[in-house]
Amino acid sequence: MSARNDWHPDTRTVHTPVPDLAGSRPLGVPIHQNHLFAFDDSDAMADSFAEPGGPYVYGRMGNPTVHALEQAVADLEGGVGGIATGSGMGAINAVLLSLLRSGDHVIAQRCLYGATMTMLKILAERWGVEVTYISGEDPAEVSAALRPNTRVLYMETITNPTVRVADLPAHFAVAKKAGVVCVVDNTYASPTLCRPIEHGADVVVHSITKYISGHGDVLGGIAVFADGEMRHKVWEFANELGPNADPFAAWLTIRGLQTLPLRVRRHCDNALSLATRLSGHPAVSSVAYPGLAGHPDHKVAARLLDGGYGGVLSFELTGGREAGRRFCSALRLISVAASLGSTRTLALHPASTSHRQLDDAQLAAADISPGLIRVAVGIEDPEDLWRDLAQALDAAG
Ligand SMILES: *Cc1c(COP(=O)(O)O)cnc(C)c1O
């Protein structure tokens, strides 16, 4: 049999490493729902407290099912190991809180996942961490923002909801020269489309809730590390912080992971097809999708993303805020919901939901127009999706 290292990602996702039992091996990772592990004597137990990945002691410090997930995602991302958590924010916060202390400086992309932005604000206001925001359009912004106390550069592979793609390798190169730790949220791309560690990232974080688990039935997160020492440091901190993944959630995620490359390719194909058709519709004034030649980051995305441009697109209705509300009410197959990365297609009108407290000027400052619709494209038949979008566009006027 060929060595695991020679396998392509499509093979490695199906063949998650399974711990051996005596004499045979289960074809699939078992759930170890227990949180306690016993030892022959106290010396054996004492030795186990210092290392992640076993021998296991107590569930908050490690669990074989959770560890199998950590290994599987680290394998896909090209990292040395991971720390799986109960949510994406659990992973992001475990990383930021372990790396940062008051007086440190962070450089972060301006347009990040909402809860991450809130966390950076909290770090700045209550924990004495300084944050400088950059657009992600020019790596020179990183050199201009660097200070002697800069500790972390924080970016996302594909941003929300305008699906911008920054030149990550160029940004990381500037930061690394200054000894700054590069953290990237790779949720929107998944390791199928992008492996940021190959481009210089030190830590990759994911909301497993999205593409990695993939079926809308798990809340989870993971941080994957390029370096064992940093993983160990974050693991020690996470042991005290307690953001752990539950073994059953980890097991469901491993089950979902097996079809990740298949699903992601379908998400991407469907999204490109819908983005192309939306571009020609009279009720739509613009479409944002990195797979379209007219997207400002199309060239960067073509270089950085491998085999597709992601499953999220957004478009602008000519009819503005009211048209957005009518469009969402008219959808029949597509659900009005906030998340992404599940098998189902979901649509969101930020101006009447997540951002309804903002007036038009405030929306513009957040890069969101009143008629903007975000679609997290699922894996249904693209013709059925288009029919639903088309009739809702007619209803929106
Ligand atoms: C959903 C999401 C998160 C947060 O993940 P949870 O699992 O909801 O905690 C972080 N980053 C991005 C890009 C996301 O889409």
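The dialogue below goes through several assignments in this predicted model and the grounds for each of them.

Trainee: Why is Val163 called buried?

Mentor: Val163 has a relative accessibility of 1%, and since the term buried applies under 20%, Val163 is therefore counted as buried. This residue is found in the loop between strand 4 (150-156) and helix 7 (168-177), and Val163 has a positive phi of about 45° although it is not a glycine.

Trainee: What makes Ser190 buried or exposed?

Mentor: The relative accessible area of Ser190 is 1%, and the limit for buried is under 20%, so Ser190 is buried. Ser190 lies in helix 8 (residues 190-193), and its phi is near 65°, a positive value in a residue other than glycine. Leaving aside residues up to four places away in sequence, Ser190 touches His206, Tyr211, Leu260 and Val264.

Trainee: Why is Gly114 called partly exposed?

Mentor: Gly114 has a relative accessibility of 42%, and because partly exposed covers what is in between the 20% limit for buried and the 50% limit for exposed, Gly114 counts as partly exposed. Gly114 is found in helix 5 (residues 114-126), and its C-alpha atom is separated by 8.9 Å from that of Asn160, with the two residues 46 residues apart along the chain.

Trainee: How do you know that strand 11 and strand 12 are paired?

Mentor: Three bridges join strand 11 (residues 346-348) to strand 12 (residues 372-376), and pairing requires at least two bridges, so the two strands count as a pair. They run antiparallel, and Leu348 stands opposite Arg374 in strand 12.

Trainee: What makes strand 8 and strand 10 the edge strands?

Mentor: Five strands form an open sheet in the order 8-9-12-11-10, with mixed pairing. Strand 8 (284-288) and strand 10 (335-336) each pair on one side only, and these are the edge strands.

Trainee: Which helices are placed against these strands, and at what angles to strand 9 do they run?

Mentor: Helix 11 (residues 260-279) lies across strand 8 and strand 9 (312-317), running at about 15° to strand 9. Helix 13 (residues 320-330) packs on the sheet, where it touches strand 9, strand 10 and strand 12, and its direction makes about 125° with that of strand 9.

Trainee: How do you know that Gly88, Asp185 and Thr209 make polar contacts with the ligand?

Mentor: The cut-off for a pair of N or O atoms is within 3.5 Å. A backbone N or O atom of Gly88 lies 2.8 Å from an oxygen atom of the ligand, an N or O atom in the side chain of Asp185 is 2.6 Å from a nitrogen atom of the ligand, and a polar side-chain atom of Thr209 lies 2.6 Å from a ligand oxygen atom. Each of these distances is therefore within the cut-off.

Trainee: How much of the ligand does the protein cover, and how many residues surround the ligand?

Mentor: On its own the ligand has 370 Å² of accessible area, of which the protein covers 93%. The ligand is surrounded by 13 residues, and the closest are Gly88, Asp185, Ser207, Thr209 and Lys210. Helix 4 (residues 88-99) contributes the largest share of this shell, namely three residues.

Terms used
Residues numbered from 1 in each chain as written. Predicted model: local features only at pLDDT ≥ 70, side-chain atom pairs only at ≥ 80, totals over all residues. Heavy atoms only, no water. Helix = DSSP H or I, 4+ residues; strand = E, 2+ residues; numbered from the N terminus. Buried < 20%, exposed > 50% of the residue type's maximum accessible area, 1.4 Å probe, protein only. Contact = heavy atoms within 4.5 Å. Axes fitted to C-alpha atoms, helices over the stretch in contact; angles between N-to-C directions. Near = heavy atom within 4 Å. Polar contact = N/O pair within 3.5 Å; in protein donor to acceptor, adjacent residues only side chain to side chain. Areas by Shrake-Rupley, 256 points an atom, 1.4 Å probe, with all protein chains shown as cover.
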